[in-house]
Structures are given as structure tokens and as C-alpha cells.
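Subject: Structure handover

Hi,

Here is the structure I promised to pass on to you. Please open it alongside this email, and my notes on what turned up follow below.

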Amino acid sequence: MENRIRGAQGQVPLVQNMTVTEGGTANLTCRVEHNDNTSLQWSNPAQQTLFFGDKKALRDNRIELVRATSQELTISISEVSLSDEGLYTCSLFTMPVKTAKAFLTVLGVPKKPEINGLTKPVLEGDHITLTCVTSGSKPAADVRWFKNEMEVKGAKEVNASGKTFTVKSSLRLHVNRDDDGVAYTCRVDHVALTATHEETTQVLEVHYAPYVEIRQSTNVPQEGQYLKLQCVPKGNPSPDPVLWTKDGGELPDMDRMIVDGRDLTFTSLNKTDNGTYRCEATNHLGTSHAEFKLVIYDAPTTPSPSTTSPAPTLPDTTGPLDSKQLNSAVTGNRDPNELKRATDHALIGGIVAVVVFATLCLIIVLGRYLARHKGTYLTNEAKGADDAPDADTAIINADGNHAHAEEKKEYFI
């Protein structure tokens with residue numbers, strides 16, 4: 001019996017600190033080695049006994065027995081609140097009583113944040129301050145701002161309220177038209193929010209005066225072509241409808257100039273359509289306009305079949321062509337150096353052709369001259385040989401022709 005008491009007196013209860021999120025469940029465990037049926041007891045921070053062995057001492061339905069043996073006493077506290085936080089005591093009833101203390105930390109979960117200070121709509125140029133507030137956090141929560149998922153810095157303020165904290169973050173904005181439709185998000189991060197975070201988003205609606213641009217369906221308008229001018233106004237509220245004018249007055253030819261919503265369409269262009277066209281857009285905040293100077297080019301002539309060449313490729317541009325671009329388009333976008341080389345080759349070919357022709361003419365003239373001066377030489381021997389059967393007779397015949405001595409001449413034919 002004495003040995004048992006000594007063994008029990010040498011034991012010390014072992015416990016661990018616990019951290020639990022508000023609303024969760026805390027399990028408190030007290031262990032001892034080689035206990036000889038000595039009772040274990042759990043007490044709350046107010047020193048109220050919760051369990052003595054397997055006997056429940058405090059009427060609290062949230063507190064339940066998990067395991068009770070000679071070496072372990074484990075209890076659970078469900079739906080933990082901030083008031084449950086504190087120092088819990090496990091006692092081993094030896095002589096003297098041995099105790100161990102475990103601190104239960106309860107995390108306060110921050111509430112969903114609220115954004116204040118935003119009125120809809122906001123006018124361009126206004127200064128506004130957005131304020132994000134979250135309360136109930138323990139420890140104090142971290143509050144961050146995001147503009148379309150890109151973090152922006154706000155001014156943070158922390159206030160204690162009992163055991164919890166209220167955190168506020170302010171964001172000051174100078175609103176412009178680029179803020180229209182931008183989402184501002186207040187995000188709360190906290191150790192109690194292990195799987196996710198709390199956040200609230202507000203989308204700005206900014207009203208601003210319109211601005212206008214004009215787009216054209218073709219870059220080189222030509223006579224007889226179809227052309228559409230598109231008026232693109234941007235403003236909030238949307239400026240609708242728009243007003244089209246020409247050279248400060250009404251459109252002159254409504255049969256060929258068709259206004260359909262924001263578009264001005266020319267069914268068939270001619271030179272009388274040259275001029276400055278203006279699109280004007282208005283909302284309750286102001287008026288804006290854009291102008292387009294229309295210059296119509298001559299329609300291309302139809303080439304003969306033998307000289308047909310591929311159509312020139314027009315440069316890709318959104319505005320009227322200057323003279324250099326137009327010349328490049330007409331020449332088929334060819335390199336000027338390439339055109340020069342082609343011209344040089346043609347010139348050299350012409351010179352070679354002239355030289356060949358002159359050489360042929362010289363050969364013909366020389367041939368005719370030589371043909372006219374070519375002759376046959378007749379001598380007396382030759383004349384005698386005409387009728388002689390042999391050479392001796394030819395000589396005799398030639399000598400006998402003295403009566404025609406005046407004919408012994410050489411003739412050139």
C-alpha cells in the first residue's frame with residue numbers, strides 16, 4: 001500500500017495548450033503514467049469542476065466526456081465562444097495534489113467586410129473615399145484592397161472592442177472615365193480563415209462626357225465606290241443618337257447618303273461628295289464631335305487585255321493616303337530601285353538592237369559594192385582558145401587576128 005502511494009505521488013499530470021476557432025470544438029486531454037486509481041479532474045478558468053473522473057460536475061450541455069481511465073481524462077467543449085478562453089487545470093488527487101495547466105485560445109472569426117462611401121453614379125473628376133470595415137476578429141484581421149485583382153494600398157486603422165478587434169481600411173480615389181466598370185474589392189485575411197477569405201466587391205459606375213472618333217470602310221475612296229463612315233462615341237450615359245453634317249450644314253443628297261443609327265453610308269461616290277463630314281454626340285454632361293475630310297479619287301481606267309497587270313495592293317492604314325503612299329499603291333508597291341534597274345535593262349537592250357541593225361546594214365551595202373566591181377579579163381589567147389581544139393591552134397588563131405588588133409584590150413565587165 002505504501003509503495004502505491006509513493007508511485008502515485010511521483011506522477012505529474014501532462015496537458016497541452018489548445019487553439020480553437022470560435023464555434024469549433026476543443027478537446028482537453030490530461031494523462032498520467034502508472035497511476036494507481038488516483039482520480040483526475042478538469043476545472044475551467046473560473047475554477048469550476050467540469051469532470052471528476054467520469055462524473056460530470058457542471059451542467060453545461062456543450063461539455064462532454066470523451067475518455068476516462070486511471071491514466072487519462074479527456075473532455076470536449078463544443079461551440080466554443082470567446083468567453084471559454086482561459087487557463088484550464090487538470091488535477092491529480094495525490095497527497096499533495098499535483099496539477100497541470102493548459103491554456104485554451106479561442107480565435108475570433110472576422111465578419112464579412114462592408115464597403116462604405118460609394119454612391120452611384122460617380123461623376124468624372126470627383127474625389128471619393130471608400131471605407132472597408134470588419135469586426136469580431138481576434139487577433140486583429142488583415143484588410144487589403146484590390147483594383148481588378150491588382151492590389152492597391154489603403155490606410156489601415158485597428159480598434160479594440162472587448163476581446164475582439166474592429167479593423168478599418170480607407171482608400172481615397174480621384175475618379176476618371178477609366179474607373180467606369182472597375183471592381184474594387186476589400187479582402188480580409190485571418191488565421192481563423194484557413195480555407196478561404198472574406199471579401200466584398202463594389203463596381204464603380206462613372207458618368208462622363210462623350211468623346212467621338214470616325215472610322216472609314218476604305219482608305220482610298222474612288223468614284224462609284226461604296227463607302228461607310230462609322231461614328232463611334234464613348235460616354236456614360238451613352239450618347240444616342242448622333243448628328244451627321246457636311247461642311248457645317250445638312251447632308252445634301254439623302255438618296256445616296258443614308259444615315260442608319262451611327263453610320264453614314266454612301267451608295268455610290270462622286271466628286272460632289274468631297275468635303276468635311278462631322279459627327280456630333282451629346283449626353284447630359286457635354287457634347288463632343290469628330291471630323292472626317294473626304295477626298296474622292298478618280299476611278300481606275302480599264303487596261304487592254306495585253307497590258308493587264310495585277311491590281312496594286314493598297315497600304316494598310318486607317319487614315320487618308322499621302323502622295324507617297326498613293327504613288328506606291330499605283331505602282332504596285334514596287335521598290336524604286338527595282339523600277340530603275342528595269343529601266344536600265346530596257347535602255348541597254350535598245351542600244352544593242354540599234355548596233356546589230358547598223359551592222360547588218362553595213363554588211364549588205366559592202367556586199368552590193370563588191371558584186372558590182374567583180375569582172376572577167378579576156379586576152380587574145382583566150383579568144384583563140386574559143387574555137388581551137390588544142391593549145392597550138394589557139395596560139396595560131398590568136399596570131400592571125402592582127403586585123404582586129406584594136407580589139408586586143410582587156411575588158412572589165
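Let me start with V356, which lies in helix α3, the helix that runs over residues 336-372. V356 has a relative accessible area of 46%, so it counts as partly exposed, because the exposed class begins only over 50%. This valine also belongs to a nonpolar patch on the surface, made together with I348, V352, L360 and I363 and covering about 470 Å².

Before you go further, please keep in mind that this is a predicted model. The mean pLDDT for the protein is 82, and 77% of the residues reach at least 70. Two stretches call for some care. Over residues 306-334 the pLDDT stays under 50, and the model has 29 contacts beyond four places in sequence for that stretch. Residues 398-413 also stay under 50, with 20 such contacts.

Now to the strands. One open sheet is built from 6 strands with mixed pairing, in the order β1-β9-β8-β3-β4-β5. Its edges are β1 (18-21) and β5 (55-56), each of which pairs on one side only. The partner of β1 is β9 (residues 98-107), and the two run parallel to each other over 4 bridges. If you want a residue pair to look at there, V20 has V106 in β9 as its bridge partner.

Further along the chain you will find a hairpin formed by β24 and β25, with 2 residues between the strands. Here the pairing is antiparallel: β24 (residues 275-283) and β25 (residues 286-294) are joined over 9 bridges. Within this hairpin, C279 of the first-named strand sits opposite A290 in β25.

One more residue is worth a look, and it brings us back to β24. T245 is placed in strand β21, residues 242-246. Is T245 buried or exposed? Its relative accessible area is 17%, so T245 is buried, as the limit for that class is under 20%. Apart from neighbours within four places in sequence, T245 is in contact with L251, T276, Y277 and R278. Of these contacts, T276, Y277 and R278 fall within the residue range of β24, 275-283.

That is the tour for now. Do write back if you would like to go through any of it together.

Best wishes

Technical notes
Residues numbered from 1 in each chain as written. Predicted model: local features only at pLDDT ≥ 70, side-chain atom pairs only at ≥ 80, totals over all residues. Heavy atoms only, no water. Pairing = 2+ DSSP bridges. pLDDT = per-residue confidence, 0-100. Contact = heavy atoms within 4.5 Å. Buried < 20%, exposed > 50% of the residue type's maximum accessible area, 1.4 Å probe, protein only. Patch = residues over 30% accessible without salt bridge, like charges linked within 9 Å, V, L, I, M, F, W, Y side chains within 5 Å. Areas by Shrake-Rupley, 256 points an atom, 1.4 Å probe, with all protein chains shown as cover. Salt bridge = Lys/Arg side-chain N within 4 Å of Asp/Glu carboxyl O.
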